[in-house]
Amino acid sequence: MLSKTIQDALNKQVKMEAESSQAYLAMASWAEIQPGLDGVTNFFYQQSDEERMHMLKLIRYINERGGFAEVPALEQPMITFVSLQRVFEEFLKHEMAVSESINELVGLALHERDFATHNFLQWYVSEQIEEESLARTLNDKLELVGDDKGGIYLFDRDIMLFRGAASPSQSVGK
Ligand code: OFO
């Protein structure tokens with residue numbers, strides 16, 4: 001059985017994963033209406049789906065442990081962006097905030113001596129290493145490219161390859 005403290009903290013993380021899914025959905029939608037950004041569009045649609053999966057995994061865990069997973073209300077995310085660079089800066093910022101939140105949760109689980117939750121959260125720890133690293137790589141590439149249209153074309157064409165290389169954990173679900 002989950003303690004109230006852990007249940008509340010996990011429910012906060014449910015919200016964060018749902019917000020991540022919404023944020024990346026908004027990025028996908030923005031990219032979709034820009035000319036020639038099919039790769040970036042697919043990348044963020046897929047990223048949004050993954051975040052929903054992360055949320056579901058938490059919901060199922062909370063309920064499985066005798067708690068109650070609360071489906072949260074969500075704020076509208078940022079929906080327009082001044083540049084592609086800005087989108088990816090936001091992506092990295094968001095992933096860093098999620099990593100921090102997961103680390104807090106891991107610390108809390110240890111403090112509360114909830115070793116099952118501590119064990120459950122290790123998947124998220126690994127996932128955040130992958131996602132932060134992917135976000136940094138993509139930001140670095142975009143910095144190299146600058147405003148060069150040819151570079152942006154190649155970035156968009158190859159973006160799914162970066163994802164494949166950096167994120168081997170897509171099949172892990174509940
Ligand atoms: Fe939920 O994986 Fe990153 O944010």
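This is a short walk through the helices and pockets of a predicted model, with something to select at each stop.

Before you click, note that residues are numbered from 1 along each chain as its sequence is written. Because the model is predicted, local features need pLDDT of at least 70 and side-chain atom pairs count only at pLDDT 80 or more, while totals for chains, interfaces and linings use all residues, and side-chain values use heavy atoms, with hydrogens and water left out.

**Stop one: α1 and α2**

Select residues 4–32 for α1 and residues 38–64 for α2. Helices here are DSSP runs of H or I with at least four residues, numbered from the N terminus. The axes of this pair come within 8 Å and cross at roughly 165 degrees; an axis is a line fitted to C-alpha atoms over the stretch in contact, and angles run from 0 to 180 degrees between N-to-C directions. So α1 and α2 are roughly antiparallel to each other, a label for angles over 145 degrees, just as under 35 counts as roughly parallel. The crossing is left-handed, meaning that the near helix is turned anticlockwise from the far one by less than a right angle. Their contact has 16 nonpolar, 10 polar and 4 charged residues. In that count, Ala, Val, Leu, Ile, Met, Phe, Trp, Tyr, Cys and Pro are nonpolar, Asp, Glu, Lys and Arg are charged, and the others, Gly among them, are polar.

**Stop two: α2 and α3**

Keep α2 and add α3, residues 84–111. How do these two run? Their axes come within 13 Å and cross at roughly 20 degrees, so α2 and α3 are roughly parallel to each other. Now show side chains: Val40, Phe43, Phe44, Gln47 and Glu51 of α2 make the contact with Leu84, Val87, Phe88, Phe91 and Glu95 of α3, where contact means heavy atoms within 4.5 Å. By class, that gives 7 nonpolar, 1 polar and 2 charged residues.

**Stop three: α3 and α4**

Swap α2 for α4, residues 115–145. The axes of α3 and α4 come within 9 Å and cross at roughly 160 degrees, so this pair is roughly antiparallel. α3 passes α4 in a left-handed crossing, and their contact holds 18 nonpolar, 7 polar and 5 charged residues.

**Stop four: the largest pocket**

Select Trp30, Gln34, Pro35, Gly36, Leu37, Ser83, Leu84, Gln85, Asp147, Lys149, Ile152 and Tyr153, which line the largest pocket. A pocket is an open set of points on a 1 Å grid over the protein atoms alone, where a 1.4 Å probe fits, with protein on both sides within 12 Å along at least five of seven lines; lining residues have an atom within 4 Å of a point. About 310 Å³ of space lies inside, the volume being the space filled by probe spheres set on points joined across faces, edges and corners. Which helix gives the largest share of this lining? That is α5, with 3 residues. The lining divides into 6 nonpolar, 4 polar and 2 charged residues.

**Stop five: the second largest pocket**

Finish with Glu19, Ala23, Pro77, Met78 and His94, the residues nearest the centre among the 14 that line the second largest pocket. This pocket holds about 240 Å³ of space. The largest share of its lining, 5 residues, comes from α1.

Methods
Helix = DSSP H or I, 4+ residues; strand = E, 2+ residues; numbered from the N terminus. Parallel < 35°, antiparallel > 145°, perpendicular 65-115°, else oblique.
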